[in-house]
Amino acid sequence: MKIGVVGAGSWGTTLAHLLAGSGHEVRIWAREPEVVEAINRTHENSLFLPGAPLAASLLAYSELEPVVSGAELIVSAAPSHAVRAVSRQMKRWLRGSPIVVSVSKGLEPGSLETMTAVLQEELGELPVVALSGPSFAQEVYQKQPTAVVAASADWSAAETVQRAFSNGYFRVYTSGDVLGVQLGGALKNVIAIAAGILEGMGLGNNPRAALITRGLAEMTRLGEAMGADPATFAGLAGMGDLILTATGALSRNRSLGVEIGKGRKLEEVLRERRTVAEGVNTARAAVELASRVGVELPIAAQVEQVLFQGKEPRRAIADLMERELKAERWR
């Protein structure tokens, strides 16, 4: 299968390497000229996936045309804030009806739309699939057993993606809940930042367990109010990804939260980072979405206040613990 990967961050590069290793003809687009040169010359993305030799057959380009023109499957791996602009650029080069696979975990700033919604608005009636689940790029590259979900309204497209990506260490399940799978992948990043904040403050396992459990309740509550299947949040794209991102040492969102918990300011932490922590923008998006559909997200609201309003984390925890007492399950 001829596959184009649009975006050469750690995740896009890892998936391109995986697909090339399965025998597909893979080309990858990178915004950074140094990434293109490194992949083609040394077969390594030294900027975003250092120390990881890539498949020799993988070719990188700084232009979109040779990557997407004639591709049967296109992997959209740009950060969520850039997906619309990049998809507009590549639309003119598309030929036929390729399946577009969104692997970005976030919501578009401003519109608050999911990535598949953005892609469908910009690219028209192409079949679109959301691929999400607990999957650190580094561990996938290391061929550690990983399971994810391919969700689409087009079942045939979901099954095509399932077959294209699945191998001996990367197992893909299918789902029809496109909205739920994407909300799980986006909202868990907010809870992961909160988990990092707790760790940075030196707190232990009791608060982390409470946070993850109540965070999952918030994700499910918002998803159900927006029309997603609540059962999706008990699966790989919900609970699975939340556990990984809130506890794993490789989590960018958790590590950002650790620094905030130690007393550092968001702007200071972001200046030091080349990679994107999607949960920062998603914290604002989650609070606005909750307001739109009339549900409460107490944890997400406190994370947003800590990140953007300068609220002290200890005050945020106190405000959560001192809220009105409720039954465990409430709307």
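Before we start, one term: contact here means heavy atoms within 4.5 Å. Keep in mind that this is a predicted model.

Let's take helix 8 with that term in hand. Helix 8 covers residues 178-200. It lies across strand 6, strand 7 (146-151) and strand 8. Against strand 6, helix 8 runs at about 40°.

Now the sheet itself. It is open and has eight strands. Their order is 3-2-1-4-5-6-7-8, and the pairing is mixed. Which strands sit at the edges? They are strand 3 (59-61) and strand 8 (170-175), and each pairs on one side only. From one strand to the next, the twist averages 25°.

Helix 1, residues 10-21, also packs on this sheet. It touches strand 1 (2-6), strand 2 (25-29), strand 4 (73-76) and strand 8. The directions of helix 1 and strand 2 make about 165°.

Let's zoom in on strand 6, residues 128-132. Is strand 6 mostly covered or mostly open? Mostly covered: five of its five residues are buried. In general, side chains of a regular strand alternate between the two faces of the sheet. So look at each face of strand 6. On one side we have Val 128, Ala 130 and Ser 132. On the other we have Val 129 and Leu 131. All of these are buried, and both faces are covered.

Who is the neighbour? Strand 5, residues 99-102, joins strand 6 through three bridges. The two strands run parallel. Val 100 stands opposite Val 128. Val 101 stands opposite Val 129.

Last stop: a pair of helices. Two packed helices are described by the angle between their axes and the distance between the axes. Here the pair is helix 4 (residues 83-91) and helix 5 (residues 115-123). Their angle is about 30°, and their axes are 9 Å apart. Angles under 35 degrees count as roughly parallel, so helix 4 is roughly parallel to helix 5. The crossing is right-handed.

Which residues meet there? From helix 4 come Val 83, Arg 84, Ser 87, Arg 88, Met 90 and Lys 91. From helix 5 come Met 115, Val 118, Leu 119, Glu 121, Glu 122 and Leu 123. By class, this contact holds six nonpolar, one polar and five charged residues.

That's the tour. Thanks for listening.

Technical notes
Residues numbered from 1 in each chain as written. Predicted model: local features only at pLDDT ≥ 70, side-chain atom pairs only at ≥ 80, totals over all residues. Heavy atoms only, no water. Axes fitted to C-alpha atoms, helices over the stretch in contact; angles between N-to-C directions. Helix = DSSP H or I, 4+ residues; strand = E, 2+ residues; numbered from the N terminus. Parallel < 35°, antiparallel > 145°, perpendicular 65-115°, else oblique. Left-handed = near helix turned anticlockwise from the far one by under 90°. Nonpolar A, V, L, I, M, F, W, Y, C, P; charged D, E, K, R; others polar. Buried < 20%, exposed > 50% of the residue type's maximum accessible area, 1.4 Å probe, protein only. Pairing = 2+ DSSP bridges.
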